[in-house]
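Please find below a colleague's note on the structure shown here. The points are numbered and may be read alongside the model.

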Amino acid sequence: MPKARICEIPRVRAFPLPSLGGRHTGGSLSNALWIRETVPMALVDHLGMTVVDLDTARKQFHPVLAELGYTCGYDGDDSISWQHGEDTELIVFPAREPGGHRHGRAGWQHLAFALDSRGEVDRLHAAAVDAGWAVVREPKLFPRFNERYYASFVEDASGIRVEFMHNPPRESPGD
């Protein structure tokens with residue numbers, strides 16, 4: 001599963017007190033126990049991507065994101081969103097102008113999903129290809145990053161590039 005970086009965000013919650021001495025406190029927040037707690041939240045709340053065609057994006061993104069454990073949160077004519085617990089929400093929007101993204105131009109470079117094994121990289125790569133994503137780089141080792149970095153790259157019909165990667169930690173400090 002992808003690993004999201006999370007930060008601790010404090011929030012305050014109110015817990016109404018029970019009735020005291022046969023007297024009901026009325027459930028008012030003035031008669032409540034206030035507790036400050038720290039809750040993990042995604043560092044990046046959501047990522048919006050503009051696509052050439054929303055129906056094509058639905059057919060390409062949904063199978064891949066479902067394999068990653070995301071669920072569809074909203075599906076309308078104006079956007080589609082997917083959520084995965086406290087991880088970053090992913091949203092696609094229809095383009096307001098013609099033309100897709102072109103890799104190498106100003107804008108984002110790619111979105112990388114960190115996976116737990118090379119087998120997961122292979123599985124997600126196959127799911128993306130089955131959903132119509134174009135292969136940019138087949139799954140393989142990328143020693144220019146490090147000797148353990150295994151990844152694949154695919155692009156959707158709008159030119160949005162996604163990487164599936166596995167980069168395990170070194171076995172020991174001397175590796």
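1. A polar contact is a pair of N or O atoms within 3.5 Å; within protein, one must be able to donate a hydrogen and the other to accept it, and residues adjacent in sequence count only if both atoms are side-chain atoms. Such a contact is found at the N-terminal end of helix α1, which D53 caps: one of its side-chain oxygens lies 3.4 Å from the backbone nitrogen of D55.

2. The model is predicted; local features need pLDDT of at least 70, side-chain atom pairs count only at pLDDT 80 or more, and totals for chains, interfaces and linings use all residues. Residues are numbered from 1 along each chain as its sequence is written, and side-chain values use heavy atoms, with hydrogens and water left out.

3. The chain holds two helices and ten strands, where helices (H or I, at least four residues) and strands (E, at least two) are DSSP runs numbered from the N terminus. Along the sequence they follow the pattern β-β-β-α-β-β-β-β-α-β-β-β. Of the 175 residues in the chain, 33% are buried, that is, under 20% relative accessible area (exposed is over 50%, partly exposed in between; 1.4 Å probe, protein chains only).

4. Helix α1 covers residues 54–67 and has 14 residues. From its first C-alpha to its last it reaches 20 Å, close to the 20 Å expected at 1.5 Å a residue; the expected span is 1.5 Å times one less than the number of residues. The helix bends by about 30 degrees at F61, and the proline P63 follows within four residues. This bend is the angle between axes fitted to the seven residues ending at a residue and the seven starting there. After α1 comes G69, whose phi is positive, near 95 degrees.

5. Which residues of α1 are buried? They are L54, A57, Q60, F61, V64 and L65. These buried residues pack against β3 (46–51), β5 (80–83), β6 (89–94), β7, α2 and β10, contact meaning heavy atoms within 4.5 Å.

6. One open sheet has four strands in the order β3-β6-β5-β4, with mixed pairing; two strands pair if DSSP finds at least two bridges between them. Its edge strands, β3 and β4 (71–75), each pair on one side only. Neighbouring strands of this sheet are turned by 20 degrees against each other on average, direction ignored. β4 and β5 pair in the antiparallel sense over four bridges, and the bridge partner of D75 in β5 is I80. Helix α1 lies across β3, β4, β5 and β6 and runs at about 165 degrees to β6. For such angles, axes are lines fitted to C-alpha atoms (for helices over the stretch in contact), and values run from 0 to 180 degrees between N-to-C directions.

7. Another open sheet of four strands has the order β7-β10-β9-β8, also with mixed pairing. Here β7 (111–114) and β8 (134–141) are the edge strands, each pairing on one side only. The twist averages 15 degrees from one strand to the next. β8 and β9 (residues 150–155) pair in the antiparallel sense over five bridges, with Y150 in β9 as the bridge partner of L141. β7 and β10 instead pair in the parallel sense over four bridges, and F113 stands opposite F164 in β10.

8. In a regular strand the side chains alternate between the two faces of the sheet. In β7, L111 and F113 form a covered face, whereas A112 and A114 form an uncovered one. Helix α2 (residues 118–130) lies across β8, β9 and β10 (161–166), running at about 10 degrees to β9.
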